[in-house]
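Visitor: Could you take me through one part of this model closely, namely its nonpolar interior, and set that part in the context of the whole chain?

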Amino acid sequence: RKEHFLPLIQRIQRRLSCSSNFLSQAGRLELVNSVFSALPMFFMCTLKIPKTIIKEIDIFRKHCLWRGNDINSKKPPLIAWNSVTQRKVNGGLGVLRLESQNEALLIKFLHKFFNHSDLPWVHLIWNNYYLSRGLPGNRSVGSFWWKSIVKLLPNFKGLATPVIGNGRSISFWDDQWSQGIPRHIFPQLFSFAKNSKMTIKEVNDQEQFHDLFHLPVSDQAFDQFLVLKGSWEQIVLNDVHDRWKYIWGSDKFSSQKAYRSSMGQMQTHPIYRLVWKSKCQPKHRVFYWLWLKNRLNTRNMLRRRNMELDSYSCENCLWQREETLYHLFLRCNFAKACWNSIGITPPRISNPEEASVNLKHQLNVPFSMEITILMTWSIWKSRNEWLFSNRDPSGLRRSRTAPLPAGSRWRFLHPKRQ
């Protein structure tokens, strides 16, 4: 019940008040991964955490990542939480998705149960509930804890295929003991089955294979019967317990691999992998990830978020174009001069991912990704110092309304402004 997890919520809330506003975005990301995602791990290894509790924990994790330690702050997140919790290879930030992690940790109990591990609780459940009464999932039995574990049976069966031993823990119709799951491969024949919950061992104990079905059967069901019977005749049972082999090619269960499988594999641009492999500081890599996602707080982004400003134009050039990500980093006079200073012509590509590939190919050096990341970071920092600290890109501090000093780099980049 929810009230049983209140001490966990209180611990996380106390930790949030200790998180520093002076941490960079990458520092807060590390805090979320190493502290806020780790605190509920002890509970998740044993119990199914209610969705309301996970939602509460996620609220604190979002606050830490986007707003620091101010629990009352209304600062909007830069990107959807679903994108943040995607794996890095899938284009996310790699923050744990707690519900998926909880399920991956609990599936290990089904692994131990179906492989008949020599543990007291495994013997107890087998002998009390399933000695002669079928398999888990056929009916609801046991404690609240075991019932919550059995609900993860489809997740377990999606990861594992059986290696037949004595056939006691393998369902004849619902497990992939042959080339597929018989219920799905032979649907017409399954409709004639007398008992849809039989195990491999129970089927083997039948005198005749056709005794499993209500007779007569349809012509299509009979054709499926002949195919299924041919597969069954190749099965040989023995006295050892059944084993279960996982989709990663091993009979050893791994919660980490189960979590990765539950998250799936998405088709993402290869540039994301290069970003996380670069040697830049974490804050630079997180910044560039936001740049690739077009989630930086440019004036165009603030307009899209319905924030009212005096102007939405770029302050770095004379053209009074709207400050979009594409303009600020690739088309603005100042941005062009920055890229030209290292021998690069900014591409006319509005897609940040494709633009990154173009910049990397123009550099054509082993550390081209690092150069690209640091240049975009420098342009962003120069823009912010000019807007918020009155420091122009030439490095000379002045008022934004004061005349430009002669010979400054700012005049060089904006000759029409003289």
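Guide: What follows begins with the core and then turns to the overall form. The model is predicted, so local features need pLDDT of at least 70 and side-chain atom pairs count only at pLDDT 80 or more, while totals for chains, interfaces and linings use all residues. Residues are numbered from 1 along each chain as its sequence is written, and side-chain values use heavy atoms, with hydrogens and water left out.

The largest nonpolar core holds 63 residues, and Val84, Leu296, Phe329 and Trp339 have the most contacts inside it; such a core is a set of buried Ala, Val, Leu, Ile, Met, Phe, Trp, Tyr and Cys residues joined through side-chain atoms within 4.5 Å, where buried means under 20% relative accessible area with a 1.4 Å probe, protein chains only. Setting aside neighbours within four places in sequence, Leu296 is in contact (heavy atoms within 4.5 Å) with Phe287, Leu290, Trp291, Met301, Leu325, Phe329 and Trp380. A second core, separate from that one, has 47 residues, among them Phe114, Ile125, Tyr130 and Phe225.

Across the protein, 45% of the 418 residues count as buried, and of the contacts between residues at least 6 apart in sequence, 60% join residues at least 24 apart. The C-alpha trace spans about 100 × 50 × 40 Å along its principal axes. The protein contains 22 helices and 2 strands, counted as DSSP runs (H or I, at least four residues, for helices; E, at least two, for strands).

Note on methods:
Buried < 20%, exposed > 50% of the residue type's maximum accessible area, 1.4 Å probe, protein only.
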